[in-house]
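Reader: I would like to understand how the labels attached to a structure are justified. Could you take me through some of them, setting each value against its rule?

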Amino acid sequence: MKFLFLILIFLFTTKLVCGKNIRVGPFNSVRTIKHALELAVDNDTISIQSGIYKEKNIVISKRVTLIGNNYPVIDGEYRFEVLTIKANGVVIEGLKVINSGISSMDDFAGIRISESKYVVIRNNILINTFFGIYTQFGANCFIEGNKIIG
């Protein structure tokens with residue numbers, strides 16, 4: 001009986017820590033990254049399917065993982081910041097971030113870490129971004145294997 005109780009506790013805590021997987025794509029029930037972020041809670045994973053997402057000013061304020069399948073494109077349309085991270089423990093991997101805005105007043109970035117810790121930005125492609133990856137008061141962040149062009 002004690003063993004069964006321990007197994008149940010393990011299963012419930014594992015589910016709380018692991019979170020759920022939200023799939024984003026043109027043929028899924030969730031079609032935008034912003035909608036997925038609205039649905040997400042801490043520790044969820046957002047899997048973004050291949051395609052072009054003309055979403056801008058995407059603010060990540062929850063501890064989530066964004067993983068791209070076959071480098072989906074997030075296009076800032078030359079007018080906006082593309083991704084802004086405002087939560088600790090966020091992971092961004094396998095995305096192609098393109099065309100951030102350019103401004104002499106604002107430091108638009110492809111991906112901005114804003115006052116967050118333990119963020120991982122890994123294996124992304126950034127093209128035509130004013131600031132590729134910009135860390136604004138980030139601490140203990142891990143940035144590796146990204147390709148920045150233009």
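Reader: What makes Asp-44 count as buried?

Author: In this predicted model, Asp-44 has a relative accessible area of 2%, and since buried means under 20%, Asp-44 is therefore called buried.

Reader: Why is Lys-20 called partly exposed?

Author: The relative accessible area of Lys-20 is 36%, and because partly exposed covers what lies between the limits of 20% and 50%, Lys-20 falls into that class.

Reader: How do you know that Lys-20 forms a salt bridge with Asp-44?

Author: The closest N and O atoms of Lys-20 and Asp-44 are 2.9 Å apart, and because the rule asks for a side-chain nitrogen of Lys or Arg within 4 Å of a carboxyl oxygen of Asp or Glu, the pair is counted as a salt bridge. Lys-20 sits in the loop between helix H1 (2-18) and S1, while Asp-44 sits in the loop between H2 and S2, so this pair ties together parts that are 24 residues apart in sequence.

Reader: What joins Lys-56, Glu-77 and Arg-79 into one network?

Author: Glu-77 meets Lys-56 in a salt bridge at 3.0 Å, N to O, and the side chains of Arg-79 and Glu-77 meet in another at 4.0 Å; salt bridges that share partners join these residues into one network. As for exposure, Glu-77 has a relative accessible area of 25% and is partly exposed, and Lys-56, with 23%, is partly exposed.

Reader: Why is the pair of Phe-130 and Phe-131 called edge-to-face?

Author: Their ring centres are 5.0 Å apart and their planes stand at 80 degrees; because centres must lie within 6.5 Å and planes over 60 degrees apart count as edge-to-face, the pair earns that name.

Reader: What makes the pair of Phe-131 and Tyr-134 stacked?

Author: Here the distance is 5.4 Å centre to centre, with 25 degrees between the planes, and because planes under 30 degrees apart count as stacked, that is the label for Phe-131 and Tyr-134. Ring pairs thus link Phe-130, Phe-131 and Tyr-134 into a cluster.

Reader: Is Tyr-134 buried or partly exposed?

Author: Tyr-134 has 21% relative accessibility, and because buried requires a value under 20%, Tyr-134 counts as partly exposed. Phe-130, at 36%, counts as partly exposed, and so does Phe-131, at 32%.

Key:
Residues numbered from 1 in each chain as written. Predicted model: local features only at pLDDT ≥ 70, side-chain atom pairs only at ≥ 80, totals over all residues. Heavy atoms only, no water. Phe/Tyr/Trp six-rings, centres within 6.5 Å; stacked < 30°, edge-to-face > 60°. Buried < 20%, exposed > 50% of the residue type's maximum accessible area, 1.4 Å probe, protein only. Helix = DSSP H or I, 4+ residues; strand = E, 2+ residues; numbered from the N terminus.
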